[in-house]
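Trainee: Could you take me through one part of this model up close, namely how its residues are packed away from the surface? I'd like the cut-offs as you go.

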Amino acid sequence: MVFDLDIIKKFYQGYAAKIEAARKIVNRPLTLTEKILYAHLWNGNATQAFERGKDYVDFAPDRVAMQDATAQMALLQFMQSGRSKVSVPSTVHCDHLIQAQIGAIPDLTRAKSQNKEVYDFLASVSNKYGIGFWKPGAGIIHQVVLENYAFPGGMMIGTDSHTVNAGGLGMVAIGVGGADACDVMAGLPWELKFPKLIGIKLTGKLNGWTSSKDIILKVAGILTVKGGTGAIVEYFGEGANSLSCTGKGTICNMGAEIGATTSIFGYDKKMGDYLRGTGRAEVADEADKLSENLTGDKEVYANPEKYFDQVIEINLSELEPHINGPFTPDLAWPISKFAEVVEKNNWPEKLEVGLIGSCTNSSYEDITRAASVAKQATDNGLSTVSEFTITPGSEQVRYTVERDGYLKIFEEMGGVVLANACGPCIGQWARHTNDPEKKNSIVTSYNRNFAKRNDGNANTYAFVASPEITTAMAIAGTLKFNPLTDYLTNVNGEKVRLKEPEGIELPVKGFAVEDAGFQPPAEDGSKVQVEVSPTSDRLQLLEPFPAWKENDLKNLKLLIKAKGKCTTDHISMAGPWLKYRGHLDNISNNLLIGAVNFFNDQTNLVKNQISGNYGPLPDTQRAYKAEGIGSVIVADENYGEGSSREHAAMEPRHLGVKAVIVKSFARIHETNLKKQGMLGVTFADKEDYYKILEDDVIDINGLEQFTPGTPLEVILHHKDGSTESFLVNHTYNQQQIEWFKAGGALNIIRKEFESR
């Protein structure tokens, strides 16, 4: 089945003309990124050239994708919009709520029972509003999208930061919050600041143990977790063309870890092969006709420094396998140096668990490469010393690799196959341990490795590597093992050297599946009833946030001054909290419980300025709300890094926080704050962060004349009676200022609909 073929054909019919119009306006050769962006302007053909990193632009995405954890809040918001049906093709994917405990079948069975209320809600909302529904067990959203929906030259937004995975199939795919998704599903334009462009030229060809995963691990080490902020990364060169489509997807997927808006590769034969291999030959045929416009202009790639804001070159022939971590995905180590670094830093040498799969690395090629390593182990009298888990990315991949005998290889080695879901990657892991605070190491082929991310243990040192390196290290049971140079000893005392992994990009017999897990919506959803129990602890209908009171913010208490890294995992944890993603009040009880308090270096312990006592952060904020007192969150660099979860913006808004002042924001989180009517500003002088004291009362002036580009003033009233002031900057344009004044973008959408 080919989804949306008529829509794709219609888009392709007008694509070349839109590119030509853009080329005339810009008056120079175009990158692939620019072609796709200009081809998706809300107002049609380009009439002006946009300035990168400055101009806000309205776009018309082709589709919306949502995973079950974020879909709940996105659809609860959409239900307030007044629309009877989504305006663009949209899907919901049930992948986040399945906890890994024992194995695929029992875990999925338990999840269907425990989450029945949420699954029924999502299925009924999807049925009512014309949304495709992928049932629990169908697979991880990004793998399912790549297999079924992504197409070269398209534009998609998704309520998950790893939506960017679809860039592996030549699509501009961008992670957003649920409010953005709500806008697009309601038929409104989607706003984005026109991104800067980073070009990455790949030369040479991967060989041996090195894989596509190692390219993005290397790039993360170069650009760091915020080096891609505000930019789209475009890969090109002979090395790019040599990579499999799913390998390209892996690279784009982890582009979220460098803060990039998205990443993308140009259309090539590998993409065409993948489209045909996944039953979409008609799409490949159409793309072939437009191939020159589904990649950057030749002049761009011949002289990239003229057309990109930054250019990086990587020779794949010389690239080593990498292992990144711990605690951050940009701490990159070539494998030849890793054992030495482990020793030097006294990281736990013993490898407790190796985990492969996830949305990042669960393709047929990934599984076969890892299985080739596993088979060598069993053939040579070796088995895993560490625990070992395998997470297939979709039911189609799982069914096919089982048919072809690869899952059996893993099981013979001692591996456990988990459900087709996110599982341990997002903290949905009931880890087998007698000491949940034990200092230990794990290696995964996932994308993120923040503290507590996988198992809730701050003492778990999580490292990220390719599936084949992860498999080899699980066999060895130690972080110091280098499969490129080291030997293992089998049960007979013989020395064994693992050979280079071998993989197959696409199954020789083709993909197969009995039930992919897709449920189409009703033709007429008007009679479908969506009910939410008022006593449910999992779902809660939303109440509109209050509008701005048209005055400056006065007498605000400092809620927390967060120290160091403060990701969306710190602001709104996943793991056991995922079950409350559809209940704003309940999930608000995890607000910032992972953030480190600057004044005592502890988590979830802040001073209540009313009582003078220290207590949990959510309790403190609820006390302020009960007294009608507003508060301020202060934080460091790249605040809101990580997931697209808008709960990290909605929770403080719901509990009465009035403003967030930081050194810098991650892109998605800053947008989420704006959408929810929250004030998010940055220090004009970052050193002013240190002026804020624990007992400060804070005023923010200038909102009565809130205008684009004009700084606001912060006044600190210290406990000793003295005051200090400094300026803060903002990036609000006029439309976003209207969101703030209205109390949130959704309030404007609702009002517009009611006035019709």
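Mentor: Sure, cut-offs come along: buried means under 20% relative accessible area, exposed means over 50%, and partly exposed is what lies in between, with a 1.4 Å probe and protein chains only. Keep in mind that this is a predicted model, where local features need pLDDT of at least 70, side-chain atom pairs count only at pLDDT 80 or more, and totals for chains, interfaces and linings use all residues. Residues are numbered from 1 along each chain as its sequence is written, and side-chain values use heavy atoms, with hydrogens and water left out.

Start with helix α6, residues 141-148 (helices are DSSP runs of H or I, at least four residues, numbered from the N terminus). Helix α6 is mostly covered, with eight of its eight residues buried. Among them are I141, V144, V145 and L146, but also H142, Q143, E147 and N148.

Now the nonpolar cores, each a set of buried Ala, Val, Leu, Ile, Met, Phe, Trp, Tyr and Cys residues joined through side-chain atoms within 4.5 Å. The largest one has 135 residues, and L202 and Y235 touch the most other members. Helix α1 (residues 5-26) gives the most to this core, eight residues. Zoom in on L202: leaving aside neighbours within four places in sequence, L202 is in contact (heavy atoms within 4.5 Å) with Y235 itself, and its other partners include I215, F236, L243, F265, I314 and L316. G237, E238, G239 and A240 are also on the contact list of L202. A second, separate core has 43 residues, including I323, I356, V373 and V401.

Methods
Helices (H or I, at least four residues) and strands (E, at least two) are DSSP runs, numbered from the N terminus.
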